[in-house]
Amino acid sequence: MATANGVEQVNSLQSICYKRSSLKLLDQRKLPIETAYVDILDTKDGWNAIRDMVVRGAPAIAIAAVLSLAIEVSKLGHYNTPNDAASFLTERLDYLVTSRPTAVNLSDAVTKLKELVQKVASTASEAQTVFEAYLEAAEAMLEDDIATNKAIGSFGASFLQKHQTDPKKISILTHCNTGSLATAGYGTALGVIRAVHEQGLLERAYCTETRPFNQGSRLTAFELVHDKIPATLIADSAAAALMKAGRVNAVIVGADRVAANGDTANKIGTYSLALLAMHHGIPFYVAAPLTSVDLSISSGQEIVIEERSERELLNARGGMGEQVAASGISVWNPAFDVTPATVISGIVTEKGVITKGSSDSFDIKSFVQRASQP
Ligand code: MRU
């Protein structure tokens, strides 16, 4: 587990290895063939690692970004005033947030850290005090994420158990990668699968390939095999047949941004899975930390969907391998889609499961308000 100031202990599922003045990111583009870490020396390295998918997954992106600035800070020499320090940090955070647009976790972290450094600067007498406050807050984000994910896993497993006809034999389909690799550890939707398995209730996990970048076949399959969880890989296009065959009791996915009404942006293909689940009468759940909720947007229509390079479709291994499509074809490659709240059965968070009231809609704002009360 990565600790803020302590000794690094590397395991093959640890995407972020951090200690003061050293940040290494597991190069997820090379998995499952090779386990290689990339040194991140400053925010430019952090920005590039996020854009180039060395690190991916909404929570991991946020943590890696803010820690890349922690590394830059730990190497700074003398800085003039507390306000200069706050301006420097604000400018670097504004830069980092431009790396990828859809996941809200990074902009949520950036907003919180900007507020913190402004507040500390208004009373501090030395720049170092502002930097120290930044380092502690950024490091806390790394440390808090695993506890958050374990809570999501535990709420999700209890909820699934309660809502199954045979609570001892739950088969779950998931999409993309939402596990240890996409977070500081354990994972969100994959964390729920881990928790169901730990409780002896999992019959089988199914993971999609998740084309074009293959987060499912390369990363989720890797995690499932690593943890010896009974699991089967399917082509994205096999999901309908799998459901029709009665082999899945629930679908659970992660989120990059959840709007105030529950509309959820997640990896491209999530929307199709939700429609298929509805057709087959299978519950469809989203598992995400409250940092993935964006109450500033009323619906998913306002979510900016990242479009990625055509190379991800034209070449194998999400653009990293040999050419597999006809030269000259035009390509549309949205990295995410928005699943409407109407087809989502529940949203599993670290504070409990958000379900629909009698109005058949989510009241996420009230849930968040209740959750933030001491
Ligand atoms: O493009 P990616 O790999 O960053 O997309 C990741 C996803 O869509 C995940 O499902 C989401 O970020 C949740 S990760 C806990």
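Here are some questions and answers about this predicted model.

Q: Which domains does the domain assignment give for the chain?
A: Let's start with the overall layout. The assignment splits the chain in two, with one domain covering 16–145 and the other 152–371. Going by that assignment, the names to remember are domain 1 (16–145) and domain 2 (152–371).

Q: How many residues does each domain bring to the contact?
A: The C-alpha centres of domain 1 and domain 2 lie 26 Å apart. As for the contact itself, domain 1 puts in 26 residues and domain 2 puts in 30 residues.

Q: Which three residues supply more than any other three of the area that domain 1 buries against domain 2?
A: Together the two domains bury about 2,300 Å², and 55% of it is on carbon and sulfur atoms. On the domain 1 side, one trio supplies 27% of the buried area. Those residues are R56, T102 and V104.

Q: Which residues form a salt bridge between domain 1 and domain 2?
A: Side chains of opposite charge can pair when their charged atoms come close. Between these two domains the count is one salt bridge. Its closest N and O atoms are 2.8 Å apart, and the partners are R100 and E306.

Q: How many residue pairs are in polar contact across the interface of domain 1 and domain 2?
A: Salt bridges aren't the whole story here. Looking across the interface at pairs with both residues at pLDDT 80 or more, the rule finds polar contacts in a number of places, and the total is 16 residue pairs.

Q: Which helices each supply at least two residues of the side of domain 1 that touches domain 2?
A: That side of domain 1 divides into 13 nonpolar, five polar and eight charged residues. The helices that each give at least two residues to it are α2 (58–74), α4 (105–123) and α5 (127–162).

Q: Why is the pair of W47 and Y95 stacked?
A: A search of the whole structure turns up three aromatic pairs. W47 sits in helix α1 (residues 43–51) and Y95 in helix α3 (residues 82–96), so this pair links parts of the chain 48 residues apart. Planes under 30 degrees apart count as stacked. The ring centres of W47 and Y95 are 5.9 Å apart, and the pair is stacked because the planes are at 15°.

Q: Which strands hold D39 and K24?
A: The structure holds 15 salt bridges. In one of them the side chains of D39 and K24 meet at 3.0 Å, N to O. The two residues are 15 apart in the chain, with D39 in strand β3 and K24 in strand β2.

Q: Where are P32 and P212 found?
A: Most peptide bonds are trans. The bond from L31 to P32 is cis, with omega near 5°, and the bond from R211 to P212 is cis too, with omega near 10°. P32 is in the loop between β2 (22–26) and β3 (37–40), while P212 is in the loop between β5 (202–208) and α7 (215–226).

Q: What is phi of C176 near?
A: Most residues other than glycine have a negative phi. C176 lies in the loop between β4 (170–174) and α6 (189–198). Its phi is positive, near 60°.

Definitions and conventions: Residues numbered from 1 in each chain as written. Predicted model: local features only at pLDDT ≥ 70, side-chain atom pairs only at ≥ 80, totals over all residues. Heavy atoms only, no water. Domains from an automatic or database assignment. Contact = heavy atoms within 4.5 Å. Buried area = accessible area lost by both parts, 1.4 Å probe. Salt bridge = Lys/Arg side-chain N within 4 Å of Asp/Glu carboxyl O. Polar contact = N/O pair within 3.5 Å; in protein donor to acceptor, adjacent residues only side chain to side chain. Helix = DSSP H or I, 4+ residues; strand = E, 2+ residues; numbered from the N terminus. Nonpolar A, V, L, I, M, F, W, Y, C, P; charged D, E, K, R; others polar. Phe/Tyr/Trp six-rings, centres within 6.5 Å; stacked < 30°, edge-to-face > 60°.
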